[in-house]
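Please read the following account alongside the sequence and the coordinates. The text begins with a bound molecule and works outward to the fold.

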Amino acid sequence: MARGRFISLEGGEGVGKSTQLRALAAALRARGHDVIETREPGGSAGAEAIRSLLLDGDAGRWTAGAEALLFAAARADHVAKTILPAVERGAWVLSDRFLDSSLAYQGGADGIGEAAIRQLHQVGSDGLMPDRTLLLALPAEEAAARAAARDRDGADRFGGRDAAYHARVAAAFAALAAGDPARFRIVDATGTADDVTARLLAALEGL
Ligand SMILES: Nc1ncnc2c1ncn2[C@@H]1O[C@H](COP(=O)(O)OP(=O)(O)OP(=O)(O)O)[C@@H](O)[C@H]1O
Ligand SMILES: Cc1cn([C@H]2C[C@H](O)[C@@H](COP(=O)(O)O)O2)c(=O)[nH]c1=O
């Protein structure tokens, strides 16, 4: 059996990752692929338990260092239990966030640094990287409006951070994409969901 593909969707809050992951999965299934939809933090039993620790509770529940370790631990379980077994049996794995989120949020916006995050990923997940990363790009005001309309009952510990924090995250994502053009595709996330799905499918060219 040929190896499958591992694709991550990245970007800040409200850009449309979860919406597009579902649409992309349906489009790929229609083309005959075995597709696994997964997410981070989460995607395996152990990682989903860590997700609750990370996203629920007070804003100051964890230090930035503790958060970086928890994300890396969740990812290690997700990679070992969900991603690798699926890719090895030939499936296409679509993940809503992966390592680049840790590089952008913990490494960049929280100041932990890129090298430390990559080192944790090497230890936990043997440095596994996606075959392609689709970075959804949307003006900050539009993303914030979409997220606010969705989260009428309140955001999680990360979504509730201020605009300056989210601007640092966006800048870090842009720098990551610029530094690895072979893996990243920056996809315009404006317009209708169908418009964006068509752009994402085009961005999978070559896989
Ligand atoms: N193209 C679109 N046009 C208008 N609204 C959209 C579009 N795509 C998604 N939305 C809506 O915007 C909101 C945020 O979308 P979604 O939850 O998919 O974003 P996300 O990137 O996964 O966010 P988060 O990282 O915060 O989980 C949802 O209410 C969704 O229905
Ligand atoms: C994987 C990962 C995630 N985060 C943050 C980013 C988001 O604010 C939340 C996840 O919420 P979502 O609605 O499921 O997108 O967690 C992070 O800071 N670092 C990471 O590695």
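Around ligand 1 there are 14 residues, of which K17, S18, T19, R150 and G191 come nearest. The model is a predicted one, and the distances below are computed from it. The side chain of K17 has an N or O atom 2.7 Å from an oxygen atom of ligand 1. S18 also places a polar side-chain atom 2.7 Å from an oxygen atom of this ligand. With A193 the backbone is involved: one of its polar backbone atoms is 3.3 Å from a nitrogen atom of ligand 1. On its own, ligand 1 has 630 Å² of accessible area, and the protein covers 71% of that.

Ligand 2 likewise has 14 residues around it, and the nearest are E13, R97, S102, Q106 and F158. Two arginines make polar contacts with oxygen atoms of ligand 2: a polar side-chain atom of R51 lies 3.0 Å from one, and an N or O atom in the side chain of R75 is 3.0 Å from one. For Q106, the partner of the side-chain N or O atom is a nitrogen atom of ligand 2, at 2.8 Å. Of the 480 Å² of accessible area that ligand 2 has on its own, the protein covers 91%.

R97, listed among the nearest residues to ligand 2, is also notable for its backbone. Its phi is near 80 degrees, a positive value in a residue that is not glycine. R97 sits in the loop that runs between strand 3 and helix 4 (99–109). Another loop, between strand 2 and helix 2 (45–55), holds P41. The peptide bond joining E40 and P41 is cis, with omega at about -10 degrees.

These loops lead back to the sheet. Five strands make up an open sheet with parallel pairing, in the order 2-3-1-4-5. Strand 2 (35–39) and strand 5 (184–188) are the edge strands; each has a single partner strand, so one side of each has no neighbour in the sheet. From one strand to the next the twist averages 20 degrees. How many bridges join strand 4 to strand 5? Strand 4 (residues 132–137) and strand 5 run parallel and are joined by five bridges. In this pair, L135 stands opposite I186 of strand 5.

Helices lie across the sheet. Helix 1 (residues 17–30) lies across strand 1 (5–10), strand 2, strand 3 (92–96) and strand 4, and runs at about 170 degrees to strand 3. K17, whose side chain contacts an oxygen atom of ligand 1, is the residue at which helix 1 starts. Helix 8 (residues 193–202) lies across strand 4 and strand 5, running at about 160 degrees to strand 5. Helix 8 starts at residue 193, and the backbone of A193 is in polar contact with ligand 1.

The annotation can be set beside this picture. In an unreviewed entry, UniProt lists residues 9–197 under "domain: Thymidylate kinase-like". Over residues 9–197 the chain is 56% helix and 12% strand. The end C-alpha atoms of that stretch are 12 Å apart.

Notes:
Residues numbered from 1 in each chain as written. Chains lettered and ligands numbered in written order. Predicted model: local features only at pLDDT ≥ 70, side-chain atom pairs only at ≥ 80, totals over all residues. Heavy atoms only, no water. UniProt positions renumbered as here; feature names shortened; annotations may be inferred. Helix = DSSP H or I, 4+ residues; strand = E, 2+ residues; numbered from the N terminus. Pairing = 2+ DSSP bridges. Axes fitted to C-alpha atoms, helices over the stretch in contact; angles between N-to-C directions. Contact = heavy atoms within 4.5 Å. Near = heavy atom within 4 Å. Polar contact = N/O pair within 3.5 Å; in protein donor to acceptor, adjacent residues only side chain to side chain. Areas by Shrake-Rupley, 256 points an atom, 1.4 Å probe, with all protein chains shown as cover.
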